[in-house]
Amino acid sequence: ASQTLVTNKAEGVSLTVNWNCNDDFSSKVSASSRTSEYKAGLDDDSFEDVFLSFPETGEADQTSLEFQLSGDMGALDFVSGLYYFNEDGFNNQDPTIFLTFPGTFFLSQEVTSMAIYANLGYDLSDKFRLSGGLRYTEDEKNAFTNVGSGPYDDSRDFDEISWELAANYSFDNGLTGYATVQTGYQSGQYPARPFCLFGDGDPNDDIDCFKASDNITATNFEVGIKGQLTDRFSMSAAVFTTQYSDLPYQVSTTSGGGFSTVNLIVDQTSTGFEWENTLFLTDNFSFQASLGYIDVDVDEQQGVKPVAPLTPELTWSLSPMLAVPLAGGGEVTLRLDYSFRDEMYGEPSSDPGRLTGIEDRAIANVDIAYHSADGTFTAGLYGRNITDERYDNARLNTGDYILRILSNDPSEFGVRLVKSF
């Protein structure tokens, strides 16, 4: 059954008021309200008849309010504030078709988050700066679901203190070095598709799988440099290690009357390196490049060592561009973008027998364009994914079948005309 029709609708309003109290202090109030709705779905069988089909609709209402007070008193500056956020939303599959049998799936959640924060910075000299920040957050979640085995609801409160320490130093050669230690926090998550509730004997007791995980916390250590090294060369480079606690990996299986997605809670350490640069070999020929490497170590779970899903070890890109000046003052640009993504796993298992390994992929784009002298008109030819690379973005072994999430960017060639007024 086709689920190719996808619609999205969103509307909202926002208001920001700034007030300069005096030369040293200023305040800001920001308020926003947003409503969104969508229609989408999955067709896991690719058949004309209805066998594995999951049409879905959803809505969400969001409200946020923030008050901020900041100050700049020469060498000392600060930012502080109060934050409020509320979201109430749901998604509904009516009917969900699993192995030809109709069913129901409804999931709703309301989240209320409040926080108080402050960040203080001090310039020890023209080149050396220290800063630190502190944030306290309280979250409340109320969730409800019905997957055809009766209604279930649950609620849970969360709170966490997060902080940051940072140092920056400006070198004489145009580079800035920095070092940071920071913690991050996300409140616990409920199962995305709790068909694990099938078989629960009593929906009214408090013993079931529809429970939120604990706080997800992370501590990140990072050292890097960035800036304009010469008139023709700019770069940024960083090494980091991030320690995650109670990180949920989503694991999907077929269970009872549907496709069940639950959380596997792990502790994980990610260590990596990132580098980007722009080099002008001549006034008209530039070369951009990026490189990313990450090594992930996940703690054992019941004697089995998981892997980080959808996490390629190596990524890189190259983007040369040539600009050809014209006699009339305009120019023609020729650009190639080439990107590579390493192989990875579609789920938290490296077992080759599960058939969820995802091969590496490389994408090449080209662009040839004319730009007028005044910058108001552009005419160009472009090609996207010019080698027509077909690849998987994700793979899941449900136990009954392999679910492949395929790429949706086949080769595209076209003409682009842009006029600015």
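A residue counts as buried when its relative accessible area is under 20%, as exposed when it is over 50%, and as partly exposed in between. Keep that cut-off at hand for the exercises below, which explore a predicted model.

**Exercise 1. Getting an overview**

Task: Find how many helices and strands the chain has, and what percentage of its residues is buried.

Solution:
- Step 1. Start with the secondary structure: the chain has 21 strands and 0 helices.
- Step 2. Turn to burial: of the 421 residues in the chain, 33% are buried.
- Step 3. Look at the extent of the C-alpha trace, which spans about 75 × 55 × 50 Å along its principal axes.
- Step 4. Finish with the contacts: among those with a separation of 6 or more, 61% are between residues 24 or more positions apart.

**Exercise 2. Ser-162, buried or exposed?**

Task: Place Ser-162 in its strand, classify its burial and list its contacts beyond four places in sequence.

Solution:
- Step 1. Ser-162 belongs to strand S7.
- Step 2. Its relative accessible area is 13%. Because this value is under 20%, Ser-162 is buried.
- Step 3. Setting aside neighbours within four places in sequence, Ser-162 is in contact with Gly-133, Leu-134, Arg-135 and Thr-183.
- Step 4. Now compare sequence with space: Tyr-185 is 23 residues from Ser-162 along the chain, and their C-alpha atoms are separated by 6.8 Å.

**Exercise 3. The surroundings of Asn-146**

Task: Describe where Asn-146 sits and what it touches.

Solution:
- Step 1. Asn-146 lies in strand S6, which covers residues 128-146.
- Step 2. With a relative accessible area of 23%, Asn-146 is partly exposed, because this value falls between the 20% and 50% cut-offs.
- Step 3. Leaving out residues up to four places away, Asn-146 touches Thr-104, Phe-105, Phe-106 and Pro-151.
- Step 4. A polar atom of the Asn-146 side chain lies 2.9 Å from the backbone nitrogen of Gly-148.
- Step 5. For a view across the model, take Ala-362: it is 216 residues from Asn-146 in sequence, and the two are 42 Å apart in space, C-alpha to C-alpha.

**Exercise 4. The largest nonpolar core**

Task: List the residues of the largest nonpolar core and name the elements that give two or more residues to it.

Solution:
- Step 1. The core has 11 residues: Phe-105, Leu-107, Ala-143, Val-147, Tyr-152, Phe-158, Tyr-190, Phe-195, Leu-197, Phe-210 and Ala-212.
- Step 2. Two or more of these residues come from strand S5 (101-123), and likewise from strand S7 (151-170).
- Step 3. Zoom in on one member, Val-147: beyond four places in sequence, Val-147 touches Thr-104, Phe-105, Pro-194, Phe-195, Leu-197 and Phe-198.
- Step 4. Another member, Phe-105, has a charge over its ring: the charged end of Arg-193 sits there, 4.8 Å from the ring centre.

**Exercise 5. Pairing strands**

Task: Follow the pairing from S1 to S2 and on to S3, and say which way the strands run.

Solution:
- Step 1. Strand S1 (residues 7-20) and strand S2 (residues 25-43) run antiparallel, joined by 14 bridges.
- Step 2. The link between S1 and S2 is a hairpin through 4 residues.
- Step 3. One bridge to look for pairs Val-17 with Val-29 in S2.
- Step 4. S2 is also joined to strand S3 (residues 52-73), by 19 bridges, and these two run antiparallel. Here Asp-43 stands opposite Ser-53 in S3.

**Exercise 6. Stacked or tilted?**

Task: Classify two of the aromatic pairs, Tyr-190 with Phe-210 and Trp-316 with Phe-340.

Solution:
- Step 1. The whole structure holds 8 aromatic pairs.
- Step 2. For Tyr-190 and Phe-210, the ring centres are 5.1 Å apart and the planes are at 35 degrees, so this pair is tilted. Both residues lie in the loop between S8 and S9, 20 residues apart, and both are buried.
- Step 3. For Trp-316 and Phe-340, the centres are 5.6 Å apart and the planes are at 25 degrees, so this pair is stacked. Trp-316 is in strand S13 and Phe-340 in strand S14, 24 residues apart.
- Step 4. Check burial here too: Trp-316 is partly exposed at 27%, whereas Phe-340 is buried at 17%.
- Step 5. To finish, find the cluster in which ring pairs link Phe-90, Phe-106 and Phe-144.

Notes: Residues numbered from 1 in each chain as written. Predicted model: local features only at pLDDT ≥ 70, side-chain atom pairs only at ≥ 80, totals over all residues. Heavy atoms only, no water. Buried < 20%, exposed > 50% of the residue type's maximum accessible area, 1.4 Å probe, protein only. Contact = heavy atoms within 4.5 Å. Polar contact = N/O pair within 3.5 Å; in protein donor to acceptor, adjacent residues only side chain to side chain. Core = buried A, V, L, I, M, F, W, Y, C linked by side-chain atoms within 4.5 Å. Pairing = 2+ DSSP bridges. Phe/Tyr/Trp six-rings, centres within 6.5 Å; stacked < 30°, edge-to-face > 60°. Lys NZ or Arg CZ within 6 Å of the ring centre and 35° of its normal.
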